[in-house]
Amino acid sequence: MRRTTTALAAAALLVATLTACQDEITTEPTKTGAAEAPAVSETTAEPTPTKSTAAKVGDTITLTGNEDGEQVDATLKKWITGAKSADDFTAPEDGNVWVAAQFELTNTGKAVYSDSPSNGAQVADADGQRFGATFADLTAGPSMTSAAKVPPGEKVLGWITFEVPKASKIVSVQFALNSGFADQTGQWTVS
């Protein structure tokens with residue numbers, strides 16, 4: 001009887017732990033950016049607006065991190081396809097292009113937001129392929145810092161660049177705190 005009770009208690013604790021640590025992808029905007037500028041494209045037409053309540057360019061998603069007091073309002077400010085290098089020395093590999101997301105990350109928590117934001121970002125194409133960030137300086141503006149240390153109430157703004165095959169149609173952008181290891185991930189539709 002004692003073994004059964006102990007086994008049941010251990011199983012209940014395991015289920016509670018697994019339930020508490022499940023990853024969550026949030027697509028519901030906390031704030032919509034109806035007044036924000038639409039997505040920008042340097043080589044193609046603007047993305048088609050979605051009719052769902054899924055977050056899109058201009059929308060903000062509130063995300064929490066793994067530590068107490070970590071909370072950020074992440075806003076996908078702009079999206080560009082065919083992003084251009086700010087110098088003559090770097091370019092995507094043959095057969096690839098750069099796409100980029102400009103994020104504004106406002107620390108709405110009680111702890112300092114300390115992270116490398118690009119590590120927590122990825123894009124997905126219509127076929128389900130996912131691509132991580134790459135380092136590139138763009139004509140569109142300054143890159144996101146690789147070492148953000150943002151006090152509560154302050155923000156950081158910058159471009160995160162992704163190198164993708166020319167044939168890929170990127171449909172969403174994801175961002176998570178803690179270099180992508182937070183349990184909660186925000187997702188924005190970009191096409």
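The largest nonpolar core of this predicted model has 30 residues, and those with the most contacts inside it are Trp79, Phe103, Leu105 and Phe175. A nonpolar core is here a set of buried Ala, Val, Leu, Ile, Met, Phe, Trp, Tyr and Cys residues joined through side-chain atoms within 4.5 Å. Buried stands for under 20% relative accessible area, exposed for over 50%, and partly exposed for what lies in between, with a 1.4 Å probe and protein chains only. At least two residues of this core come from each of β2, β3 (71-81), β4, β6, β8 (148-150), β9 and β10. Strands are DSSP runs of E with at least two residues, and helices are runs of H or I with at least four; both are numbered from the N terminus. Apart from this core lies another, of 7 residues, including Ala83, Ala100, Ala136 and Trp159.

As this is a predicted model, local features need pLDDT of at least 70 and side-chain atom pairs count only at pLDDT 80 or more, while totals for chains, interfaces and linings use all residues. Residues are numbered from 1 along each chain as its sequence is written, and side-chain values use heavy atoms, with hydrogens and water left out.

Leucine 105 gives one view into the main core. Contact means heavy atoms within 4.5 Å. Leaving aside neighbours within four places in sequence, leucine 105 is in contact with Val72, Asp73, Ala74, Tyr113, Pro117, Met144, Glu154, Lys155, Val156 and Phe175.

The strands come next. Nine of them form an open sheet with mixed pairing, in the order β1-β11-β10-β6-β7-β9-β4-β3-β2. β1 and β2 stand at the edges with a single partner strand each, so one side of each has no neighbour in the sheet. From one strand to the next the twist averages 35°, where axes are lines fitted to C-alpha atoms, for helices over the stretch in contact, and angles run from 0 to 180 degrees between N-to-C directions. Strands of a sheet pair through backbone hydrogen bonds, either parallel or antiparallel. Two strands count as paired if DSSP finds at least two bridges between them.

At one edge, strand β1 (residues 24-26) pairs with β11 in the parallel sense over 3 bridges. Isoleucine 25 has threonine 185 as its bridge partner in β11. Strand β10 (residues 170-176) runs antiparallel to β11 and is joined to it by 5 bridges; there serine 172 stands opposite threonine 189 in β11. Strand β11 (residues 184-189) is mostly covered, with 5 of its 6 residues buried. Elsewhere in the sheet, β4 and strand β9 (residues 155-165) pair in the antiparallel sense over 11 bridges, and glutamine 102 stands opposite tryptophan 159 in β9.

Aromatic rings link some of these strands. Rings of Phe, Tyr and Trp (its six-membered ring) pair if their centres lie within 6.5 Å; planes under 30 degrees apart count as stacked, over 60 as edge-to-face and the rest as tilted. The whole structure holds 2 aromatic pairs. In one, the ring centres of phenylalanine 103 and phenylalanine 175 are 5.3 Å apart and the planes are at 35°, so the pair is tilted. Phenylalanine 103 lies in strand β4 (residues 96-107) and phenylalanine 175 in strand β10, so this pair ties together parts 72 residues apart in sequence. In the other, phenylalanine 103 and tryptophan 188 have ring centres 5.3 Å apart and planes at 70°, so the pair is edge-to-face. Tryptophan 188 lies in strand β11 and phenylalanine 103 in strand β4, so the parts tied together are 85 residues apart in sequence. The ring pairs thus link Phe103, Phe175 and Trp188 into a cluster. Phenylalanine 103 is buried at 0% relative accessibility, and phenylalanine 175 is buried with a relative accessible area of 0%; tryptophan 188 is buried as well.

Tryptophan 188 also touches a loop residue, aspartate 59, which is found between β1 and β2 (60-64). Aspartate 59 is buried, with a relative accessible area of 1%. Not counting residues up to four places away in sequence, the other residues touched by aspartate 59 are Pro29, Lys31, Thr32, Gly33, Ala54, Ala74, Thr75 and Leu76. The side chain of aspartate 59 reaches the backbone nitrogen of lysine 56 at 2.9 Å.

Two further loops can be set side by side. Serine 118, in the loop between β5 (113-115) and β6 (121-125), counts as buried at 11% relative accessibility. Phenylalanine 181, in the loop between β10 and β11, counts as exposed at 65% relative accessibility.

Conventions
A polar contact is a pair of N or O atoms within 3.5 Å; within protein, one must be able to donate a hydrogen and the other to accept it, and residues adjacent in sequence count only if both atoms are side-chain atoms.
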